[in-house]
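These notebook entries record what I looked up, one topic at a time.

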Amino acid sequence: MSDNDLPDTEHTDNTEIDFAAAMTGVTRIRNDRADLRGQPKKLKLANDETTRYKRQMAVQDEESIVDGLNSEVINLVETEDELIYATPGVQLKLMKRLKQGHIPWDAGLDLHGYIIDDARTELSSFIRECSNQQLRCVMVIHGKSNNVESQHALMKSYVNDWLRQMDPVIAFSSAQPKDGGTGALYVLLKRAR
């Protein structure tokens, strides 16, 4: 709105205007509440092929992939299941030391309270950073999910799958009871060459 569009008022050099004069002809609204008596109009849904396709795509769960890790869990594990994994070439003696907690861990990640997508991002970033720092063994706490009996431990299941997909990970094992037991993992990373 420019000065030319305003009603004639006394203008001073500092562009002050008279508010009352500017509101000449404007009717004040007396009610400060919404009118809820009227029925809302019902929208007619489009039913053409394009709209049906768009609706189907909108409700379809999209599998997302972050750092090569998918959002679909492959193997559901139980709360008290002990996890153990090793890539080919990892010595049995080394696996025994890992399982017994005899390899000191250098860093840890606690995934309690994370939603699945955020946990995947955090885990991927954590493993990558630890590998870049040439750490040998780390701990990942995924929790046990004891809140509902006979329910699968989802976070534990996802972490189990994701770690198997990560190149720097050569082995992992459920932790000793003093370090979290079946709610945590010792994770062995590749040595720098």
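Is Lys-178 buried or exposed? I found Lys-178 to be exposed, with a relative accessible area of 67%. I note at the outset that the model is a predicted one.

**Entry on salt bridges**

I next looked up the partner of Lys-178. Its side chain meets that of Asp-179 in a salt bridge, at 3.8 Å from N to O. The structure holds five salt bridges, and I followed up two others.

Glu-82 forms a salt bridge with Lys-99, and the closest N and O atoms are 2.7 Å apart. This pair links distant parts of the chain, with the two positions 17 residues apart in numbering: Glu-82 sits in the loop between strand E2 (69-70) and E3, whereas Lys-99 belongs to helix H3 (residues 92-99). I then checked how accessible each partner is. Glu-82 is exposed, at 54% relative accessible area, while Lys-99 counts as partly exposed, at 32%.

Asp-117 and Arg-120 also meet through their side chains in a salt bridge, at 2.8 Å from N to O. Why are Asp-117 and Arg-120 separated by about one helical turn? The reason is that they are three residues apart in helix H4. Asp-117 counts as partly exposed, at 39% relative accessibility. Arg-120, by contrast, has a relative accessible area of 2%; the cut-off for buried is under 20%, so Arg-120 is buried. As a general remark, I add that side chains of opposite charge can pair when their charged atoms come close.

**Entry on strand E6**

I turned to E6 and its surroundings. Six of the six residues of E6 are buried, so this strand is largely enclosed by the rest of the structure. Which strands pair with E6? Strand E3 (residues 84-86) pairs with E6 in the antiparallel sense over three bridges. E7 pairs with E6, also in the antiparallel sense, over five bridges.

I traced one residue of E6 through both pairings. Ala-171 is the bridge partner of Ala-86, and in E7 the bridge partner of Ala-171 is Leu-188.

**Entry on the nonpolar cores**

Which residues touch the most other members of the largest nonpolar core? In this core of 25 residues, they are Leu-123, Ile-127, Val-138, Val-159, Leu-163 and Val-187. I listed the elements that give two or more residues to this core: strand E4 (107-110), helix H4 (116-132), strand E5 (137-141), H5, strand E6 (169-174) and strand E7 (184-189). There is also a second, separate core of 13 residues, which includes Cys-137, Met-139, Ala-171 and Ala-184. Ala-171, noted above for its bridge partner Leu-188, is thus recorded here again as a member of the second core.

I then examined Val-159 by itself. Setting aside neighbours within four places in sequence, I found Val-159 in contact with Leu-111, Leu-123, Val-140, His-142 and Leu-185.

**Entry on aromatic pairs**

Finally, I looked up the aromatic side chains. How many aromatic pairs does the structure hold? It holds two. One of them is formed by Tyr-158 and Trp-162, a tilted pair with 5.2 Å from centre to centre and 35° between the planes. Both residues lie in helix H5 (residues 154-165), four residues apart, or about one turn of the helix. I checked their burial as well: Tyr-158 is buried, and Trp-162 is buried too.

How values were computed: Residues numbered from 1 in each chain as written. Predicted model: local features only at pLDDT ≥ 70, side-chain atom pairs only at ≥ 80, totals over all residues. Heavy atoms only, no water. Phe/Tyr/Trp six-rings, centres within 6.5 Å; stacked < 30°, edge-to-face > 60°. Buried < 20%, exposed > 50% of the residue type's maximum accessible area, 1.4 Å probe, protein only. Core = buried A, V, L, I, M, F, W, Y, C linked by side-chain atoms within 4.5 Å. Contact = heavy atoms within 4.5 Å. Pairing = 2+ DSSP bridges. Salt bridge = Lys/Arg side-chain N within 4 Å of Asp/Glu carboxyl O.
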